Amino acid sequence: KQKRLLCAVNDLAAFPSAIMMLKEGLCYINLNKERLKNGKLKVGDKITVTLTPDNSEYGMPMPPEIEELFMQDEEAKKYFHIMTAGKQRSLLYAIGKIKSADKRLEKSVILMNYLKKVKGNLDFKELNQAFKEGL
């Protein structure tokens, strides 16, 4: 019944993941291109997988920039928390994957302003446009 997991492949660091179900009762976990590249893996390779329950609040690490802004902006935090858990994870992933702390902060501020503007009714296409325009 545990769907959200931390998945470690071979000797790589564990990452947040989910078990995806197929109609035939089979399940799988996605490995993106970056993880395949970092692990020097290709489709068909044999791997060792270690799964542990992810009991974190969001199923994804909270970027410190968002956490700090939430402490300062209760309205944005409220709108973030009315969204589905999947949308929350997508936003945390999008901000968290940015390497530069300055860029993460910039995108986090845009995200907070956007959430307040749309009262939590997230439209990813519209948000991406806001990111591009730096609004």
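## Close-up views of a predicted model

**Figure 1. The lining of the largest cavity.** Sorted by class, the residues lining the largest cavity are 6 nonpolar, no polar and 1 charged. As in every view here, you are looking at a predicted model. Which residues line the largest cavity? They are Val 9, Leu 12, Phe 15, Leu 31, Arg 35, Leu 36 and Leu 41. Arg 35 is the charged one, because arginine is classed as charged. The space inside the largest cavity comes to about 40 Å³. With a cut-off of 30 Å³ or more, the count of cavities is 1.

**Figure 2. The largest pocket and its lining.** Now for an open space: the largest pocket has a volume of about 890 Å³. Its lining is made of 28 residues. Pro 16, Asn 32, Arg 35, Met 60 and Tyr 93 are the ones that lie nearest the centre of the pocket. You have met Arg 35 before, in the lining of the largest cavity. The pocket lining divides into 15 nonpolar, 7 polar and 6 charged residues. Which elements each supply at least two residues of this lining? Look for β2 (15-18), α1 (33-38) and α4. Of the elements, α4 gives the most, with 7 residues.

**Figure 3. The largest nonpolar core.** A little background helps with this view. In soluble globular proteins, nonpolar side chains tend to be buried together. In this model, the largest nonpolar core has 22 residues. Those with the most contacts inside the core are Ile 66, Phe 80, Leu 91, Leu 111, Met 112, Leu 115 and Leu 127. Two or more core residues come from each of α2 (64-72), α3 (74-82), α4 (85-96), α5 (101-117) and α6 (124-133). The largest share, 5 residues, belongs to α5.

**Figure 4. A closer look at Leu 115.** Leu 115 is among the residues with the most contacts inside the largest nonpolar core. What does Leu 115 touch, if we leave out residues up to four places away in sequence? The partners are Ala 76, Tyr 79, Phe 80, Met 83 and Gly 120. One of them, Phe 80, is also on the list of core residues with the most contacts.

**Figure 5. Cys 7 and Cys 27, two cysteines without a disulfide.** A disulfide is a covalent bond between the sulfur atoms of two cysteines. How many disulfides are counted in this model? The count is 0. Why is Cys 7 not bonded to Cys 27? The closest cysteine sulfur to that of Cys 7 is in Cys 27, and it is 12 Å away, so the gap is too far for a bond. For a disulfide to be counted, the two sulfurs would have to be within 2.5 Å. Cys 27 is likewise in no disulfide. As for their surroundings, Cys 7 is buried, at 2% relative accessibility, whereas Cys 27 is partly exposed, at 49%.

**Figure 6. Lys 40 and Lys 119, two residues with positive phi.** Most residues other than glycine have a negative phi, and that is why positive values are worth a look. Lys 40 has a positive phi near 50°. You will find Lys 40 in the loop between α1 and β5 (49-53). Phi of Lys 119 is positive too, at about 55°, and Lys 119 sits in the loop between α5 and α6. Are these lysines buried or exposed? Lys 40 is exposed, with a relative accessible area of 75%, while Lys 119 is partly exposed, at 49%.

Terms used
Residues are numbered from 1 along each chain as its sequence is written. This is a predicted model: local features need pLDDT of at least 70, side-chain atom pairs count only at pLDDT 80 or more; totals for chains, interfaces and linings use all residues. Side-chain values use heavy atoms; hydrogens and water are left out. On a 1 Å grid over the protein atoms alone, a cavity is a set of points where a 1.4 Å probe fits but cannot get out, and a pocket is an open set with protein on both sides within 12 Å along at least five of seven lines; lining residues have an atom within 4 Å of a point. Grid points are joined across faces, edges and corners, and a volume is the space filled by probe spheres set on the points. A nonpolar core is a set of buried Ala, Val, Leu, Ile, Met, Phe, Trp, Tyr and Cys residues joined through side-chain atoms within 4.5 Å. Buried means under 20% relative accessible area, exposed over 50%, partly exposed in between (1.4 Å probe, protein chains only). Helices (H or I, at least four residues) and strands (E, at least two) are DSSP runs, numbered from the N terminus. Contact means heavy atoms within 4.5 Å.
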